[in-house]
Amino acid sequence: MVSILIYFFVGIILGILFRSHVFINRVVHRITDIAIFILLFILGATIGSNKSLIQNFSSIGFEAVILAIGATFGSILATYPLSSIIQRKQK
Amino acid sequence: MKNGLIMTGMFVAGICAGWVGLLPNWIINGNFKLYLLFALMLFVGIQLGCDIDVLRKVLRLNFIVLLVPVCVIIGSLLGSGFISLILNEISLKESLAVGSGLGFYSMSSILITQLSGEKLGIVALLANSLREVMTVLLAPIFVRYFGNLAPVASGGATSMDVSLPVIQKYSGGDYVIVAIVNGLVLTLVAPLLIWLILS
């Protein structure tokens with residue numbers, strides 16, 4: 001967790017140093033997109049290669065999907081009032 | 001839209017490849033994913049550093065940022081608690097424990113397996129992985145209907161790493177620090193919540 005933040009801060013410093021280079025900025029955007037694609041492939045592979053998860057999917061799949069939807073939308077709705085406050089503060 | 005289709009395709013291809021067993025072990029269990037995350041964090045940082053204005057805006061937010069993880073926790077518990085009323089197979093306590101994973105699937109599945117058993121552990125693994133996948137795939141839709149903060153909330157603990165690049169892309173650079181603070185707090189709170197609920 002700490003090393004993830006270190007990479008993030010190194011990135012900010014690099015960004016400040018190279019902020020006038022439009023080309024670098026564009027390349028970084030592109031590479032980020034590709035890295036996200038690879039990450040999704042790996043997320044899928046982690047789920048697909050988990051034998052006990054795949055075998056039990058018929059019995060627990062529905063529960064897990066519904067719980068994921070419940071927790072996710074609960075969080076989105078609970079933070080909804082905050083979003084307008086944050087938007088106002090950042091103006 | 002085009003990116004969304006490619007991402008969904010990559011995710012499905014990953015499931016198939018993993019299921020068939022095509023992939024070498026280092027991709028699934030090795031450090032490959034970690035290095036990819038490091039690279040992504042570096043890129044997100046670079047994009048943020050390029051935009052000085054965003055950094056200034058973020059400093060104006062102060063304590064409100066801390067209210068975000070508090071609301072995310074309350075929302076997750078209410079949401080998963082509500083689901084237990086609909087589903088007969090799962091008790092209130094069990095569904096609250098799964099909801100307390102807050103997207104942190106690796107930790108929550110291991111901890112829940114130890115405290116409650118393998119079946120609920122697998123439910124927690126799948127439900128919390130899906131939360132992460134939903135955030136990455138549906139971020140633009142969440143932003144459109146629920147505002148810029150929505151992917152931060154749906155990402156939960158993953159808003160500081162896996163979900164961060166899509167948050168930056170669709171919510172904007174202004175939300176990167178909010179997302180990191182949210183992810184850090186939730187990563188620390190999730191194991192504690194699970195333990196409190198199940199013990």
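This note comments on the pockets and aromatic contacts of a predicted model.

1. The largest pocket encloses about 690 Å³ of space. Its lining comprises 33 residues, and those closest to the centre are Lys33(B), Leu37(B), Phe104(B), Tyr105(B) and Ser106(B). Two or more lining residues come from each of α1 (2–17) and α2 (22–48) of chain A, and from α2 (25–28), α3 (32–49), α7 (105–116) and α8 (118–146) of chain B. By class, the lining residues are 18 nonpolar, twelve polar and three charged.

2. The second largest pocket holds about 180 Å³. Chain A contributes His29(A), Thr32(A) and Asp33(A) to its lining, while the residues from chain B include Gln47(B), Asp51(B), Pro165(B) and Lys169(B). At least two lining residues are supplied by each of α2 of chain A and α10 (164–170) of chain B. This lining divides into two nonpolar, five polar and three charged residues.

3. Six aromatic pairs are counted over all chains. In one of them, Phe73(A) and Phe146(B) meet edge-to-face, with 6.0 Å centre to centre and 70° between the planes. This pair crosses between chains, joining helix α4 (residues 57–90) of chain A to helix α8 of chain B. Phe73(A) is classed as partly exposed because its relative accessibility is 28%; Phe146(B), with a relative accessible area of 23%, is also partly exposed.

4. Trwo further residues, Trp26(B) and Phe32(B), form an edge-to-face pair at 5.4 Å centre to centre and 75° between the planes. Trp26(B) is exposed, at 51% relative accessible area, whereas Phe32(B) is partly exposed, at 29%.

5. Tyr7(A), Tyr35(B) and Phe38(B) make up one aromatic cluster.

Notes:
Residues are numbered from 1 along each chain as its sequence is written. Chains are lettered from A and ligands numbered from 1 in the order in which they are written. This is a predicted model: local features need pLDDT of at least 70, side-chain atom pairs count only at pLDDT 80 or more; totals for chains, interfaces and linings use all residues. Side-chain values use heavy atoms; hydrogens and water are left out. On a 1 Å grid over the protein atoms alone, a cavity is a set of points where a 1.4 Å probe fits but cannot get out, and a pocket is an open set with protein on both sides within 12 Å along at least five of seven lines; lining residues have an atom within 4 Å of a point. Grid points are joined across faces, edges and corners, and a volume is the space filled by probe spheres set on the points. Helices (H or I, at least four residues) and strands (E, at least two) are DSSP runs, numbered from the N terminus. Ala, Val, Leu, Ile, Met, Phe, Trp, Tyr, Cys and Pro count as nonpolar, Asp, Glu, Lys and Arg as charged, and the others, Gly among them, as polar. Rings of Phe, Tyr and Trp (its six-membered ring) pair if their centres lie within 6.5 Å; planes under 30 degrees apart count as stacked, over 60 as edge-to-face and the rest as tilted. Buried means under 20% relative accessible area, exposed over 50%, partly exposed in between (1.4 Å probe, protein chains only).
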